[in-house]
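Me: I would like to learn how to read the features of a protein model. Could you walk me through a case?

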Amino acid sequence: MSDSSGKEIRHKIQELSESIKDHQFQYYVNDKPSITDAAFDKLWQELIELEKKYPQFKLADSPTSDVGGGFATHFEQYDHIERMMSLDNVFDQDELNTWFDRIEKSGAKNNWLCEVKVDGLAINLLYEKGKLTRALTRGNGTTGEDVTLNIKTIDTVPLQLSGKKIPERLEVRGEVFFPLKAFDELNDSLEEAGKQRFANPRNAAAGSLRQKDPKVTASRPLDLVVHGIGAADGISFEQQSSAYELLKSWGLPTSNRFKVVASRKAVIDFIAQYEKHRHDVEHEIDGVVIKVNEIAVQNELGFTSRAPKWAIAFKYPPEEVTTKLLDIKVSVGRTGRVTPFAFMEPVKVAGSTVTNATLHNQEEIIRKGILIGDTVLIRKAGDVIPEVLGPVLEKRSGKEKAFVMPTICPDCGSKLRAITEGDVDIRCPNNQSCPAQLIERLFYIGSRSALDIDVLGYEAAAALLNDGLVKNEGDLFSLTEKDLAKSQFFLKKDGTLGAIADRFIIGLQTAKSRPLWRVLVALSIRHVGPTSAQALANKFGSIEGIKAASTQELANTEGVGAVIADSISEWFGEKWHQKIIEKWEKSGVALVDQKPKNNLKQTLAGLTIVVTGSLAEFTRDGATEAIILRGGKSSSSVSSKTDFVVAGDAAGSKLQRAEELGVPVLDEAGFKSLLANGKG
């Protein structure tokens, strides 16, 4: 065989393999066959014959070696070719004018592109030779999670670009969103099925895109709008608006809700128009993005460490509405804490319907002067978390009544009490058998903050307990398919086990090898979060080592202290807690420290970092995990041994302590740079 013939055969086998996989994906995941069965069989047979004749050219991942339909998303991490930047924000016209002044000093003319800011999930699509080869979430801007299979289920995302002058390599940036009408329909169906509603469309989009089974994502009507270009080979354009025209010509879903204007007043008018009609749009918006339209000027202005200087996001203020406070109820959390929450007449705020809002504790209710029966003012802080601001006093009728904190647990009947003197929180002491605490603990074990177990959400946790499959979390890892067959939650309509059972069993097996610090967090020991759990895992190396340590030894561990040490000693002092550990060990859960395996560069090796205040793109647990996965140590206290303090909004005393000690302080942009590049 000549070299040229070999290349042709290898190319043909690769081409057939890719084509068959694409057709299988459309058939098994999207339920939309793209060719007839006969045409598919012809392709299949052709590939088999070529592989049989030329086995040396058979691909390692050939579809003929797999059972059809075996598609799963594993969220592996990859770097973006060009970094995905954030946007700086302004919140009023004065701040916007300051930005205009700064831009115009650099020579920019009045030529602005205004577009609505989609409140969705940022995504980066990579096309090579016009074919979609990878889709990544934003992640930390440098590295994102691979969600390619899930993105391929979105009808508006072209798998192959069409048109003229398509570049060899192209990164396209956009936002995945959940259409508002479909979001309401989804929540209604979830409610009818007795399942938990999504809080808002953005959460629904993120939750749908982060499904390990792409078929679940395919069942959700996600959509996408693209608004930018990252890396691109061999293309150029003079204006941002012409870039949008080019993307649209290739079949990509661009927005028609943008406008090029020639004055500041026109920008303000655009902002005002969409603030007035923000709920008339098919997706949620949280503001307007203003960009310099000329690309040459964009290039001159450049970037800060986190955002382009030539673009700004004008964020709309959180919406505030009034509604009737029908009652104040309480919920019991996984550690027994009893939290009052407002139960209100349904009201639409920031695009979603709200019926509940946290009230934190009885002292907060008294401080705000809230009475049952009040008309109350509701705000969704950041358009996400419902918050009761206070009563509308002029609407009181005199029939309102004060809330009295219950003295008996509503779920198990135990007498409620404060755990420590002066504690504003009261708790249910029946940790062992209070149904509410058991469900919450099981649910938490399955969360991403703990062991990240597929399927183990709130409904699954309730089913496991209500159907008698487990008495407490100790029984979790010994569950078998035979056990699951006793619960309707895991069965199909015909009474046989469904795919959800397989996913759950696999999730349990995977969770057994999670790092020790995650196991500690999953045990729901009061006060033990990721930071202290990491410190304990690093020092003692095993559950047995932590259990054997004295309270003083625990307290002397950096990042732990006396309060957490007392809580740990108290937890291990309970025989039923020890039984949980014994059962988990017998079931194969790793109770010895194992360093996490990941493909991330160990940019933070040897560094101790304290995160304080709130960050825009990281939860506290997320920031801790980002540090740990890159070899660093996350600490809860600032000392002379601290290498960096990351200060978000409302940083408080830790920031002051860092300044006193001369410890370098980073903002969120600096933190992301540190994660990507290390100390240098």
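Me: Let's start with helix 13. Which of its residues are buried?

Reply: Keep in mind that this is a predicted model. Helix 13 covers residues 458-466, and its buried residues are Ala460, Ala461, Ala462, Ala463, Leu464 and Leu465.

Me: What covers those buried residues of helix 13?

Reply: The cover includes helix 12 (435-446), helix 14 (481-484) and helix 15 (499-511). After helix 13 comes Gly468, and the phi of Gly468 is positive, near 75°.

Me: Let me take one residue from that helix. With which residues is Leu464 in contact, leaving aside its neighbours within four places in sequence?

Reply: Leu464 touches Leu456, Leu469, Val470, Leu476, Leu479, Leu484, Phe490 and Phe504. A second, separate core has 32 residues, and Ile154, Ala204, Leu224 and Val226 are among them.

Me: You say "second", so let's go to the other one. How many residues does the largest nonpolar core have?

Reply: The largest nonpolar core has 59 residues, and the ones with the most contacts inside it are Ile453, Leu464, Leu476 and Phe504. Helix 16 (residues 516-522) gives the largest share of this core, six residues.

Me: Helix 16 is new to me. Where is Arg518, and is Arg518 buried or exposed?

Reply: Arg518 has its place in helix 16. With a relative accessibility of 8%, Arg518 counts as buried. Apart from its neighbours within four places in sequence, Arg518 is in contact with Arg448, Ser449, Ala450, Leu451 and Glu625.

Me: Now to backbone angles. What should I know about the sign of phi?

Reply: Here is the general idea: most residues other than glycine have a negative phi. In this model, Asp452 has a positive phi near 50°, and Asp452 is not a glycine. Asp452 sits in the loop between helix 12 and helix 13, and with a relative accessible area of 25% Asp452 is partly exposed.

Me: What is the phi of Ser524, and where is Ser524 found?

Reply: Ser524 is not a glycine either, yet its phi is positive, about 55°. The loop that holds Ser524 runs between helix 16 and helix 17 (530-540). Ser524 is buried, with a relative accessible area of 7%.

Me: Next, cysteines. What is a disulfide, and how many disulfides does a search of the whole structure find?

Reply: In general, a disulfide is a covalent bond between the sulfur atoms of two cysteines. Searching the whole structure gives zero disulfides.

Me: Why is Cys409 not bonded to Cys412?

Reply: The closest cysteine sulfur to that of Cys409 is in Cys412, and because the two are 3.6 Å from each other, they are too far for a bond. The cut-off used here is 2.5 Å between the sulfur atoms. Cys412 has its own closest cysteine sulfur in Cys428, at 3.5 Å, which is also too far for a bond. As for accessibility, Cys409 is buried at 3% relative accessible area, whereas Cys412 is partly exposed at 27%.

Me: How do I describe two packed helices?

Reply: The description uses the angle between their axes and the distance between the axes. Take helix 3 (residues 93-105) and helix 9 (residues 264-276): they pack at an angle of about 140°, and their axes are 12 Å apart. Their crossing is right-handed. On the side of helix 3 the contact is made by Gln93, Leu96, Asn97, Phe100, Asp101 and Glu104, and on the side of helix 9 by Arg264, Val267, Ile268 and Ile271. Sorted by class, this contact has five nonpolar, two polar and three charged residues.

Me: Let's finish with strands. Is Pro340 in strand 13 buried or exposed?

Reply: Strand 13 spans residues 337-349 and holds Pro340. Pro340 counts as buried, at 0% relative accessibility. The C-alpha atoms of Pro340 and Gly130 are separated by 54 Å, and these residues are 210 residues apart along the chain.

Me: And how far is Ile378 from Ala357?

Reply: Ile378 and Ala357 are 8.6 Å apart in space, C-alpha to C-alpha, and 21 residues apart in sequence. Ile378 belongs to strand 15 (residues 375-381), and at 0% relative accessibility Ile378 counts as buried.

Notes: Residues are numbered from 1 along each chain as its sequence is written. This is a predicted model: local features need pLDDT of at least 70, side-chain atom pairs count only at pLDDT 80 or more; totals for chains, interfaces and linings use all residues. Side-chain values use heavy atoms; hydrogens and water are left out. A nonpolar core is a set of buried Ala, Val, Leu, Ile, Met, Phe, Trp, Tyr and Cys residues joined through side-chain atoms within 4.5 Å. Buried means under 20% relative accessible area, exposed over 50%, partly exposed in between (1.4 Å probe, protein chains only). Helices (H or I, at least four residues) and strands (E, at least two) are DSSP runs, numbered from the N terminus. Contact means heavy atoms within 4.5 Å. Axes are lines fitted to C-alpha atoms, for helices over the stretch in contact, and angles run from 0 to 180 degrees between N-to-C directions. A crossing is left-handed if the near helix is turned anticlockwise from the far one by less than a right angle, and right-handed if clockwise. Ala, Val, Leu, Ile, Met, Phe, Trp, Tyr, Cys and Pro count as nonpolar, Asp, Glu, Lys and Arg as charged, and the others, Gly among them, as polar.
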